[in-house]
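Visitor: I am new to this structure and would like to learn how to read it. Please take me through its features one at a time.

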Amino acid sequence: MGSAIKIQVVLFDLGNVLVNLGTQEDFAKVFQMEAGSESELWEMWLKSPSVKAFDSGQIPLPVFVGRLLSETNRDVDPNSFTENFINWPKGLFEGAIELVQSIPPHFHRAVLSNTNDAHWGRLMDEMQLSGLFHSYFASHQMGLVKPELEVFDYVVNELGVNPEHILFLDDNQVNVDGALTKGIQAEQVKGIASAQEILYTYGVIR
């Protein structure tokens, strides 16, 4: 951990890094499932073809809901599921905006997030992330999702910097591993204190 290489870009994932997605139990409630199956549910989510299609902007929300409920064999009212799903991100973690603002202005601040049309407006407007970063790389706008390696190629190309000058913070180790494969400095973080510690370790904040 830590690096002598000069960081130029700080690249944030959103969910579970700056944005509070709640507990795994909260996630299970979106599916109206009993507690106890959360870890299986999360693994299913990360591997789901319908989630990938929705997060890469290939299908609209109603199609996604129908496919996902079919995929998971859930007999859940689609309207109820849709409402719960839209409201799944609870808001920013306390101190999230202050943390991003604490990064000195000579660093390029960017977002790389697997997200979708249902959540993007809430993230930008309601949670006031619009204008906080210099660059936004949203999966549903790029047509690419993490941990596909093409995502990291796309971001590096768009930023126009060498990958080793990018510090990427993500809550999922599989995404961190993908970034590392492409030569990006990457660390797994969960929440504000964890992100702050990494930014300090890399000399981004003092």
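Visitor: How do the residues of the lining of the second largest pocket divide into nonpolar, polar and charged?

Guide: Keep in mind that this is a predicted model. A lining can be read by sorting its residues by class. Here the second largest pocket has 4 nonpolar, 5 polar and 2 charged residues in its lining.

Visitor: Which residues line the second largest pocket?

Guide: Its lining consists of N16, L21, G22, T23, Q24, F27, W42, W88, D171, N172 and K190. The volume of this second largest pocket is about 170 Å³.

Visitor: What volume does the largest pocket have?

Guide: The largest pocket has a volume of about 600 Å³. Of the 32 residues in its lining, W42, W45, L46, D55 and N114 are the closest to the centre. W42 is also named in the lining of the second largest pocket.

Visitor: Which helices each supply at least two residues of the lining of the largest pocket?

Guide: α2 (38-47), α3 (49-55), α7 (117-126) and α10 each do so. Sorted by class, this lining has 15 nonpolar, 10 polar and 7 charged residues.

Visitor: Now a single helix. Which residues of helix α9 are buried?

Guide: For a helix, list the buried residues, then ask where they lie around the axis. Helix α9 covers residues 149-159, and its buried residues are V151, F152, V155, V156 and L159. They sit on the same side of α9, because the arc they cover around the axis is only 125°.

Visitor: What do the buried residues of α9 pack against?

Guide: Their partners include four strands, β1 (9-12), β4 (108-113), β5 (135-138) and β6 (166-170). The helices α8 (139-142) and α10 (173-181) are also packed against by these buried residues.

Visitor: Which residue follows α9?

Guide: G160 follows α9, and its phi is positive, near 70°.

Visitor: Let us step back to the whole chain. How many helices and strands are there in the protein?

Guide: The protein has 11 helices and 7 strands. To judge how compact a fold is, set its radius of gyration beside the value from the globule rule. The radius of gyration here is 17 Å, close to the 17 Å that the rule gives for 206 residues, so the protein is as compact as a globular protein of that length. The C-alpha trace spans about 55 × 30 × 30 Å along the principal axes.

Visitor: What percentage of the 206 residues is buried?

Guide: Buried residues make up 52% of them. As for contacts between residues at least 6 apart in sequence, 66% join residues at least 24 apart.

Note on methods. Residues are numbered from 1 along each chain as its sequence is written. This is a predicted model: local features need pLDDT of at least 70, side-chain atom pairs count only at pLDDT 80 or more; totals for chains, interfaces and linings use all residues. Side-chain values use heavy atoms; hydrogens and water are left out. Buried means under 20% relative accessible area, exposed over 50%, partly exposed in between (1.4 Å probe, protein chains only). The arc is that of the directions from the helix axis to the C-beta atoms. Contact means heavy atoms within 4.5 Å. On a 1 Å grid over the protein atoms alone, a cavity is a set of points where a 1.4 Å probe fits but cannot get out, and a pocket is an open set with protein on both sides within 12 Å along at least five of seven lines; lining residues have an atom within 4 Å of a point. Grid points are joined across faces, edges and corners, and a volume is the space filled by probe spheres set on the points. Ala, Val, Leu, Ile, Met, Phe, Trp, Tyr, Cys and Pro count as nonpolar, Asp, Glu, Lys and Arg as charged, and the others, Gly among them, as polar. The radius of gyration is taken over C-alpha atoms; the globule rule is 2.2 Å times the number of residues to the power 0.38.
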